[in-house]
Amino acid sequence: MSADADAKLAWLTEVLGVVVSQPVPGGGAMRNKPPSLAAIGKALRDPAALVSRLFSAPDVAEVQKALNQEVERLEQLGFNTDRLKLDRDDQERAIAAAANLPDQAARERAIKRARERLAQLRDHGVALAKAAAKVMGKATGTSDSTQQNAIYRRALEDSYGLRIAVPEGMSNTHFDRLFDMMGTVPRNHSKVRTIRKLSYEDDPDYGGAYGGGHIIMGDFGDATGSEDYQIEGTTVPANSFDVTTLHEMGHALDDAKRIMRKHGGKTGCGGWRRETPASIADAMLAHFLRSVGVQAPLTAGMVHAAIATRLAGGQPDAPDGVAQPQWRAVQDYLADVVNKSLASTNPWFKSSAVDVDGRSYVESYDAEWWSYEYAARAPTRVNNYQWRSPAEWFAEVYAITWLAKRKPPSGVDAAIAAYLWQS
Ligand SMILES: [Zn+2]
């Protein structure tokens with residue numbers, strides 16, 4: 001056998017536990033005999049034993065044990081460890097699945113990644129326990145809700161380096177949920193330099209925002225509200241507080257790594273292109289000329305001016321000499337196409353978009369215009385809000401995949417999928 005085949009067999013032997021020890025002829029030490037194919041086959045048919053072997057690899061077993069001890073300790077302290085356990089289970093599944101990877105390097109990478117995540121989850125738990133010790137001091141017994149709030153706040157400050165500001169009298173900050181969301185993504189997502197500050201707006205209509213290293217959360221009441229996403233045609237419900245937290249964290253990650261700046265133009269990232277009102281007026285005029293057409297005395301210049309006026313927020317009047325029904329056709333176009341790209345009509349809350357020769361145009365924010373590939377909408381869609389801008393596209397895909405522990409829609413580009421839940 002080649003050295004590579006030897007290495008593979010050695011790995012397989014260790015993982016499957018099919019080593020057969022036999023006496024060396026002439027007595028003395030036992031030595032290992034290569035396993036028979038039958039022995040390997042038998043081991044593969046017993047998945048429970050296989051998984052137990054995988055976890056008995058010393059480094060994985062150690063970190064797993066440390067994490068489980070941490071979970072137990074937090075439960076004794078009265079903390080909810082549901083999310084932490086879900087995250088742990090993910091990694092255990094990833095390690096088990098890695099066993100089926102035929103390529104040794106890929107297998108080792110997958111196990112290493114899962115082991116690192118288990119260690120991060122343990123650190124995440126330790127941070128909470130440390131914060132509890134600081135806040136509780138010499139107090140005995142489990143913490144009450146006020147104390148828990150202070151503990152989670154302390155853990156977010158100490159472990160994730162957040163400066164936190166809360167409006168006077170606002171108590172429903174849900175630091176516990178925020179802490180869970182920080183732990184549910186890899187450490188190099190939650191510890192980016194662009195997450196420095198967390199504050200709240202005492203406003204139930206606020207939602208969330210991110211800008212310049214600062215995450216702002218609104219007033220989510222008791223944080224039981226939910227909203228629906230879609231992945232490959234399946235409805236995926238999401239807790240609004242949790243998904244908004246991850247959404248803002250997604251903005252921070254995108255900001256730090258310039259993800260959409262690098263990849264946003266790809267079809268699997270929405271096919272985004274920066275626009276101006278002038279570039280949009282040109283594209284819409286070309287579309288109008290093809291789909292409707294002009295007849296004297298109406299001219300292309302008049303239609304262009306009407307579209308530009310509407311994009312600027314105005315209501316154009318019929319030019320001198322142009323009567324119905326020609327002007328009516330222009331007005332219909334303004335209503336059916338141009339209006340639907342304006343921020344004042346919230347196109348990102350609509351479940352459909354307008355196909356203007358293969359692109360959809362949107363006034364994303366004040367003085368910020370974009371277009372995306374109309375055909376990219378269906379295969380990469382998770383919700384409507386995603387189609388406000390490249391930044392929102394990434395934040396929404398990011399948030400729902402991590403929260404729901406679901407792979408993104410299959411149309412999403414691999415460069416983006418690398419930042420998403422993928423176990
Ligand atoms: Zn956003």
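This report walks through the zinc site, a helix, a hairpin, the salt bridges and the core of a predicted model.

## Ground rules

Because the model is predicted, local features need pLDDT of at least 70 and side-chain atom pairs count only at pLDDT 80 or more, while totals for chains, interfaces and linings use all residues. Residues are numbered from 1 along each chain as its sequence is written, and side-chain values use heavy atoms, with hydrogens and water left out.

## The zinc site

Which protein residues hold the zinc ion? The donors are His247 (NE2), His251 (NE2) and Glu392 (OE), sitting 2.0 to 2.1 Å from the ion. Donors here are N, O and S atoms within 2.8 Å of the metal (3.2 Å for Na, K and Ca); water is not among the atoms, so sites may look incomplete.

Along the sequence, the donor residues follow the spacing H-x3-H-x140-E. That links distant parts of the chain: His247 is in helix α10 (residues 240-257) and Glu392 is in helix α16 (residues 390-404), 145 residues apart. Helices (H or I, at least four residues) and strands (E, at least two) are DSSP runs, numbered from the N terminus. His247 and Glu392 are both buried; buried means under 20% relative accessible area, exposed over 50%, and partly exposed in between (1.4 Å probe, protein chains only).

## Helix α6

Now for helix α6, which has 33 residues (residues 104-136). At 1.5 Å a residue it should span 48 Å, and its end C-alpha atoms are indeed 48 Å apart. The expected span is 1.5 Å times one less than the number of residues. Right after α6 comes Gly137, with a positive phi near 55°.

## A hairpin

Strands β5 (residues 208-211) and β6 (residues 214-217) run antiparallel and are joined by four bridges. Two strands count as paired if DSSP finds at least two bridges between them. Tyr210 stands opposite Ile215 in β6. The two strands make a hairpin with two residues between them, and Gly212 in the turn has a positive phi of about 55°.

## Salt bridges

How many salt bridges are there? The count is 16, taking a salt bridge as a side-chain nitrogen of Lys or Arg within 4 Å of a carboxyl oxygen of Asp or Glu. One of them pairs Asp87 with Lys405 at 2.5 Å, N to O. Asp87 lies in helix α5 (residues 82-98) and Lys405 in the loop between α16 and α17 (414-417), so this pair ties together parts 318 residues apart in sequence. Both Asp87 and Lys405 are buried.

Another bridge joins Asp242 and Arg177, whose closest N and O atoms are 2.9 Å apart. Since Asp242 is in helix α10 and Arg177 in helix α8 (residues 175-184), the bridge ties together parts 65 residues apart in sequence. Asp242 is buried at 8% relative accessible area, whereas Arg177 is partly exposed at 25%. Arg273 and Glu275 also form a salt bridge, with closest N and O atoms 3.3 Å apart. Arg273 is partly exposed at 42%, while Glu275 is buried at 9%. Salt bridges with shared partners also join Arg83, Asp87, Asp90, Arg93 and Lys405 into one network.

## The nonpolar core

The largest nonpolar core has 77 residues, of which Leu156, Leu198, Trp393, Phe394 and Ile416 touch the most other members. Such a core is a set of buried Ala, Val, Leu, Ile, Met, Phe, Trp, Tyr and Cys residues joined through side-chain atoms within 4.5 Å. Helix α6 gives the largest share of this core, ten residues. Domain 1 (161-263 + 408-417) and domain 2 (273-388) both contribute residues, so the core lies between them. The domain bounds come from an automatic or database domain assignment.
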